[in-house]
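Please work through the exercises below with the sequence and the model open beside you. Each exercise opens with a task, and a worked solution follows.

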Amino acid sequence: MSTIANSFRTQPDDSGHFGQFGGRYVAETLMPLILDLEKHYRAAKADPAFQAEFDDLLEHYVGRPSPLYFAERLTEALGGGQIWFKREELNHTGAHKINNCIGQILLAIRMGKTRIIAETGAGQHGVATATVCARFGLPCTIFMGATDVARQQPNVFRMKLLGAEVVPVESGAATLKDAMNEALRHWVAHVDDTFYIIGTAAGPHPYPELVRDFQSVIGKEARAQLLSRTGKLPDLLLAAVGGGSNAIGLFHPFLDDPDVKMIGIEAAGHGIESGQHAASLTGGSPGVLHGNKTYLLQDADGQITEAHSISAGLDYPGIGPEHSWLHESGRVEYLPVTDDEALDAFQTCCRLEGIIPALESAHALAALPKVAKDFREDQIILVNVSGRGDKDIFTVADALGVKI
Amino acid sequence: MNRIAATFAKPRPALVCFLTAGDGDTAANLDALVAGGADVVELGMPFTDPMADGPAIQKANLRSLGAGTTTADVLASASAFRQRHPHIPLVLMGYANPMVRRGPEWFASAAKEAGVDGVICVDIPPEEDAALGPALRESGISPIRLATPTTDAARLPAVLDGSSGFLYYVAVAGITGMQQAAIESIEANVTRIKQSTDIPIAVGFGVRTPEQAAEIANVADGVVVGSALVELVEKYGANAPEHIRTLTASLADAIHGAR
């Protein structure tokens, strides 16, 4: 593989590292399996038939390309640069998650695996996984923290309607981190027939790379759409970062365009200083969890601390390793946004644009009042509206003190 | 000869016993292992996210952390054990993040100072050896690697390269304390691995009874028991030491007399 000097798009290296981050920190039982996954992924990536099937499903099943939309009223209200949306919330199942699930299930089938497992927090990745399992007729088990099962009943029922088995995880705080632990425990005992569809650009190599590649359809499309409509590249990209799959999907195709600035938005919960947040880069430090080295929320002894965010999809104490690397290299800037700021942006987007964004996406939108004025009227700010907010209306009602 | 090598040089299989540090009265529980006849003591470092462990050891981790156990406490337990038992090999077992948090050199040197002979890190495979292995070797501590039923012939040399002390053969593809592997499978795999190395092989995961332990001791250099002992701490609390001693003694009798 040839390396372009000063390119930000050639990571990870052959051993799965993004600088000091990433890697394969897994139990020995899983090592042969993830080496095999890497081998099959390399072959799939080089196979035009695999790419063709992926593209076909994205077009006819997911509904791609997703629209690129000029948010005229929001632009007018905020003043400054033009605000454009990449409309990932219009995908089948209502978020960007499905792009990755299509890619991974095709890989699972190619490897001859006959069962699928996945972890989920709010349930969006669980629903997307259950969806592709139904589409391809594979049995599916979703691990979900018992706390999340209780507060995300509509998504639990959706998964069940789609034929998935939902296993409530009681260990730890019974949220996403614990669901991921339990999925790894299950996987290690069923390595022969089971494929683990990880929902974000994290975990052991090659997951961060392959999830990024499948999600890069977002940035590739946006690049082509914007060039064709305006003849220009964007001046700023904005995306929310939990594990970071929608952000890396948007950012990666632009990383080597030096004039395109990028900001990833982390969930600051009740504020970084409160200690109740999910901002691994702003408020964490490097460590090893769930198969990779990356920034984590942890104490002085390396014990992982609980994250908090109003957005269940951002409520995780780690972040994908490529974001840790982009953060340290300075190519991408990362800003924290609080629960309250996200709630304001959620309502503004509803009223001005007629779009109910996911609370995750509302974090990206919440950065706009801070940054839009730094740009001229002829400059373009592109926001990834990664998901729709129908799933969040109960949480938002609760936060606003409204009884439904 | 170091403590681990001296133990495995004896003409009998070794009993390797695991307990989680900070779960109950650690000193009394470890002493009960020694009194019962344990040849090697594995001290578990608690972690919030024990991905390779079944319910028994998961709960022990949470009990320990809930009681406020820190890395300093674990090292103090190790150090005190070494004072009381100058000849019993002591191995720390746990996950990467607590071990590398202050840097691998810091951990290796603190463990050495505490009298630790070996370290088992569940989630550092040979591919990530640089994260901890060089620091351990530099300090004279044995990095003890895991081999599993999925470690095939192509992979085995990488696992053996840089490991010392003993090799921990994980008898089942799975987590600790759950199902037991068939003795035929264990024997075939141990025989296969022995063709490639002189390092002693201890077999663990799913071993609960003296009968199982004796069967495995027939074909391996050592037998590891963890969850069954940890469950005694959960069940008996302050009275755990006498029960730990009784179970350890029956395991030791079965293993030491196996061949």
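**Exercise 1. A loop residue with an unusual backbone angle**

Locate Thr93(A) among the secondary-structure elements of chain A, and decide whether Thr93(A) is buried or exposed.

Solution. Thr93(A) sits in the loop between strand 4 (82-87) and helix 4 (97-110) of chain A, where helices (H or I, at least four residues) and strands (E, at least two) are DSSP runs numbered from the N terminus. The model is predicted, so that local features need pLDDT of at least 70 and side-chain atom pairs count only at pLDDT 80 or more, while totals for chains, interfaces and linings use all residues. Residues are numbered from 1 along each chain as its sequence is written, and chains are lettered from A and ligands numbered from 1 in the order in which they are written. The next step is the backbone: phi of Thr93(A) is near 70°, which is a positive value in a residue other than glycine. For burial, count C-beta atoms placed from the backbone: a residue is buried if 20 or more others lie within 10 Å of its own, exposed if 12 or fewer, and partly exposed in between. Thr93(A) has 21 C-beta neighbours inside 10 Å and therefore counts as buried.

**Exercise 2. The corresponding check in chain B**

Find where Phe205(B) lies, and state the sign of its phi angle.

Solution. Phe205(B) belongs to the loop between strand 8 (201-204) and helix 10 (210-217) of chain B. The phi angle of Phe205(B) is near 85°, a positive value in a residue other than glycine. With 27 other C-beta atoms within 10 Å, Phe205(B) is buried.

**Exercise 3. Cis peptide bonds**

Identify the residues joined by the cis peptide bond that involves Pro12(A), and then examine the bond from Arg64(A) to Pro65(A).

Solution. Gln11(A) and Pro12(A) are joined by a cis peptide bond with omega of about 0°, and Pro12(A) falls in the segment before strand 1 (17-18) of chain A. The bond from Arg64(A) to Pro65(A) is also cis, with omega near 0°, and Pro65(A) is placed in the loop between helix 2 (48-62) and strand 3 (68-70) of chain A.

**Exercise 4. A sheet and the helix on it**

In what order do the strands of the four-stranded open sheet of chain A run, and which helix packs on the sheet?

Solution. The order is 7-6-5-8, and the pairing is parallel, two strands being paired if DSSP finds at least two bridges between them. At the edges are strand 7 (165-169) and strand 8 (194-196) of chain A, each of which pairs on one side only. From one strand to the next, the twist averages 25°. Strand 5 (residues 115-120) of chain A pairs with strand 8 of chain A in the parallel sense over three bridges, and Ile117(A) stands opposite Tyr196(A) in strand 8. Helix 8 of chain A packs on this sheet and touches strand 5, strand 6 (140-145), strand 7 and strand 8 of chain A, with a direction that makes about 160° with that of strand 5. Here contact requires that the C-beta atoms of two residues, placed from the backbone, lie within 7 Å, and axes are lines fitted to C-alpha atoms (for helices over the stretch in contact), with angles running from 0 to 180 degrees between N-to-C directions.

**Exercise 5. The contact between the chains**

How many residues does each chain bring to the contact, and which helix of chain A gives the largest share of its side?

Solution. Chain A brings 27 residues and chain B brings 32 residues. On the side of chain A that touches chain B, at least two residues each come from strand 2 (21-25), helix 1 (31-45), helix 8 (176-189) and strand 11 (285-289) of chain A. The largest share, six residues, is supplied by helix 8 of chain A.

**Exercise 6. A buried strand residue**

Describe the surroundings of Ala240(A) in strand 9 (residues 236-241) of chain A.

Solution. Ala240(A) counts as buried, with 33 C-beta neighbours inside 10 Å. Leaving out residues up to four places away in sequence, Ala240(A) touches a set of residues including Ile265(A), Leu314(A) and His363(A). Ala240(A) and Leu314(A) are 74 residues apart in sequence, yet 8.3 Å apart in space, C-alpha to C-alpha.
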